[in-house]
Amino acid sequence: MANVVRQDMAAFLYRLCGEPDFTPSSADKLRFTDVTEATPHAKEIWWLASSGVRYSKDDGTYAPDEVITRRDVAIMFYSVHKIRVKRIQEEQKRKAKRRY
């Protein structure tokens, strides 16, 4: 079985969330010194960071080619779950307001 690297995990989570519309800003693109347009799954990495998922290394880099640990996977899934729950709750509030 092959190991999963951090850039691939970002792509998995992006797809899990339905591939949301996202265009990275100039600030997004400067977030990690080791992620460029040429980095595989760069858009997904920038989306993940802009969504509020804390996914950088202690030194502020992303380390896209580094094997992801089970601990990091668990943290990321939990963070994405919280984001999805918040979006569902916001949508339910909007629907409830439209009924009245």
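This report walks through a predicted model of a protein chain, from its overall layout down to a few single residues.

**The big picture**

Let's start with the whole chain. The protein chain has four helices and zero strands, so its pattern along the sequence reads α-α-α-α. Lay the chain along its principal axes, and its C-alpha atoms fill a box of roughly 50 × 35 × 25 Å.

How much of the chain is tucked away? Of its 100 residues, 36% count as buried. The accessible surface comes to about 7000 Å², and carbon and sulfur atoms account for 52% of that surface.

There's also charge to think about. The protein chain carries 19 positive and 14 negative side chains, and the centres of these two sets lie 11 Å apart.

Now for how the chain folds back on itself. Take the contacts between residues at least 6 apart in sequence: 69% of them join residues at least 24 apart. The ring pairs below give you a feel for such long-range links.

**Two ring pairs**

Searching the whole structure turns up two aromatic pairs. One of them is formed by Y14 and W47, and it is edge-to-face, with 5.3 Å from centre to centre and 75 degrees between the planes. This pair ties together distant parts of the chain, since Y14 is in helix α1 and W47 is in helix α3, 33 residues apart. Are these two residues buried or exposed? Y14 is buried, with a relative accessible area of 6%, and W47 counts as buried too, at 4%.

The other pair is F32 with Y62. Their ring centres are 5.3 Å apart and their planes sit at 55 degrees, so this pair is tilted. Here, too, distant parts of the chain are linked: F32 is in the loop between α2 and α3, while Y62 is in the loop between α3 and α4 (70–99), 30 residues apart. F32 counts as buried at 5% relative accessibility, and Y62 is buried as well, with a relative accessible area of 0%.

Y62 has another partner worth a look. The charged end of R6 sits over the ring of Y62, 5.2 Å from the ring's centre.

**Helix α1 and its residue Q7**

R6 brings us to helix α1. In this helix, R6, Q7, M9, A10, A11, L13 and Y14 are buried. A bit of helix geometry is handy when you look at that list: an α-helix has 3.6 residues a turn, so residues three or four places apart point the same way.

Pick Q7 as an example. Q7 is found in helix α1, which covers residues 6–16. Why does Q7 count as buried? Its relative accessibility is 8%, and buried means under 20%. What does Q7 touch, leaving aside its neighbours within four places in sequence? Q7 is in contact with T39, P40, H41, I45, Y62, P64 and D65. The C-alpha atoms of Q7 and V67 are separated by 9.1 Å, although the two residues are 60 residues apart along the chain.

**Positive phi angles**

Finally, check the backbone. Most residues other than glycine have a negative phi. Three residues with a positive phi are listed here.

| Residue | Phi | Place |
|---|---|---|
| G18 | about 85 degrees | just after α1 |
| E19 | near 50 degrees | loop between α1 and α2 (26–29) |
| H41 | about 65 degrees | loop between α2 and α3 (42–50) |

E19 has its positive phi in a residue other than glycine, and H41 is not a glycine either. How covered up are these two? E19 counts as partly exposed because its relative accessibility is 47%. H41 counts as partly exposed as well, at 25% relative accessibility. You've met H41 already, as one of the residues in contact with Q7.

Notes: Residues numbered from 1 in each chain as written. Predicted model: local features only at pLDDT ≥ 70, side-chain atom pairs only at ≥ 80, totals over all residues. Heavy atoms only, no water. Buried < 20%, exposed > 50% of the residue type's maximum accessible area, 1.4 Å probe, protein only. Contact = heavy atoms within 4.5 Å. Areas by Shrake-Rupley, 256 points an atom, 1.4 Å probe, with all protein chains shown as cover. Lys, Arg positive; Asp, Glu negative; His and termini not counted. Charge placed at Lys NZ, Arg CZ, Asp CG, Glu CD. Phe/Tyr/Trp six-rings, centres within 6.5 Å; stacked < 30°, edge-to-face > 60°. Lys NZ or Arg CZ within 6 Å of the ring centre and 35° of its normal.
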